[in-house]
Amino acid sequence: VQVAESGGGLVKTGDSLRLSCAASGRVLPDYAMGWFRQVPGKEREFVAVISADGRTLEYSEFVIGRFAISRGSTKNTVFLQMNSLNPGDTAVYYCAADLTYSDFPDSPDYWGQGTQVTVSS
């Protein structure tokens, strides 16, 4: 299973950005998918997760009301809509996938390489 993120970039405080992620492989079931982020020198932290059927969502408290995770119409694609960005959101954002929803946030099986999001003040 390969996981690939896209959509990072440099934005200003208050701007919005949408990250995309796709899991691919030969034959895939539906995966739960989630987002994490990491700042150099700090541990990776959980951002959001969505179940395979899209009915169950969870967010970290620091993004509630600003970020929204959703599934795409293509199988095993997920988006992270990020609004009201501030410099504290600057990080490398990673997408992860796992057959088991409850493996989030501690141990999802498959990870992308990450995409850089930088928010300037």
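**Aromatic pairs, cores and a disulfide in a predicted model**

F36 counts as buried, because its relative accessibility is 4%, under the 20% limit set for that class. The model in which this residue is described is a predicted one.

F36 belongs to strand 4, whereas its ring partner F46 belongs to strand 5 (residues 45-50), so the contact ties together parts that are ten residues apart in sequence. The ring centres of F36 and F46 are 5.7 Å apart and the planes stand at 70 degrees, so this pair is edge-to-face. F46 is buried as well, with a relative accessible area of 18%. Together with F104 and W111, F36 and F46 form one aromatic cluster.

In total, the structure holds four aromatic pairs. Another of these is made by Y31 and Y110, whose planes lie at 90 degrees with ring centres 5.9 Å apart, so the arrangement is edge-to-face. Y31 is located in the loop between strand 3 and strand 4 (32-38), and Y110 in strand 10 (residues 110-111), so parts that are 79 residues apart in sequence are tied together by the pair. The two tyrosines are assigned to separate accessibility classes: Y31 counts as buried at 4% relative accessibility, while Y110, with a relative accessible area of 29%, is partly exposed.

Aromatic rings also take part in contacts with arginine. R18 lies over the face of F79, at 4.0 Å from the ring centre. Likewise, R44 is placed over the face of Y94, and here the distance from the ring centre is 4.7 Å.

The largest nonpolar core comprises 26 residues, of which W35, L80, M82 and Y93 touch the most other members. Strand 3, strand 4, strand 5, strand 7 (67-71), strand 8 (77-82), strand 9 and strand 11 each supply at least two residues of this core. A second core, separate from it, has six residues, among them A32, F36, V49 and F104. F36 and F104 are thus named both in this second core and in the aromatic cluster.

One disulfide is counted in the model. This bond joins C21 to C95, with an S to S distance of 2.0 Å. C21 lies in strand 3 (residues 17-24) and C95 in strand 9 (residues 91-98), so the bond ties together parts that are 74 residues apart in sequence. The torsion about the S-S bond of C21 and C95 is about -85 degrees, so the disulfide is left-handed. Both cysteines, C21 and C95, are buried.

Strand 9, which holds C95, pairs with strand 11 in the antiparallel sense over three bridges. Within this pairing, V92 has Q116 of strand 11 as its bridge partner. Strand 11 also pairs with strand 2 (residues 9-12), in this case in the parallel sense and over four bridges. There, the bridge partner of L10 is T118.

The side chains of strand 11 (residues 115-120) alternate along its length. T115, V117 and V119 point to one face and are buried, whereas Q116, T118 and S120 point to the other and are not. In a regular strand, such alternation between the two faces of the sheet is the general pattern. The bridge partners Q116 and T118 are therefore among the residues of strand 11 that are not buried, given the under 20% criterion.

Terms used: Residues are numbered from 1 along each chain as its sequence is written. This is a predicted model: local features need pLDDT of at least 70, side-chain atom pairs count only at pLDDT 80 or more; totals for chains, interfaces and linings use all residues. Side-chain values use heavy atoms; hydrogens and water are left out. A disulfide is a pair of cysteine sulfur atoms within 2.5 Å. Buried means under 20% relative accessible area, exposed over 50%, partly exposed in between (1.4 Å probe, protein chains only). Two strands pair if DSSP finds at least two bridges between them. Rings of Phe, Tyr and Trp (its six-membered ring) pair if their centres lie within 6.5 Å; planes under 30 degrees apart count as stacked, over 60 as edge-to-face and the rest as tilted. A charge sits over a ring if NZ of Lys or CZ of Arg is within 6 Å of the ring centre and within 35 degrees of the ring normal. A nonpolar core is a set of buried Ala, Val, Leu, Ile, Met, Phe, Trp, Tyr and Cys residues joined through side-chain atoms within 4.5 Å.
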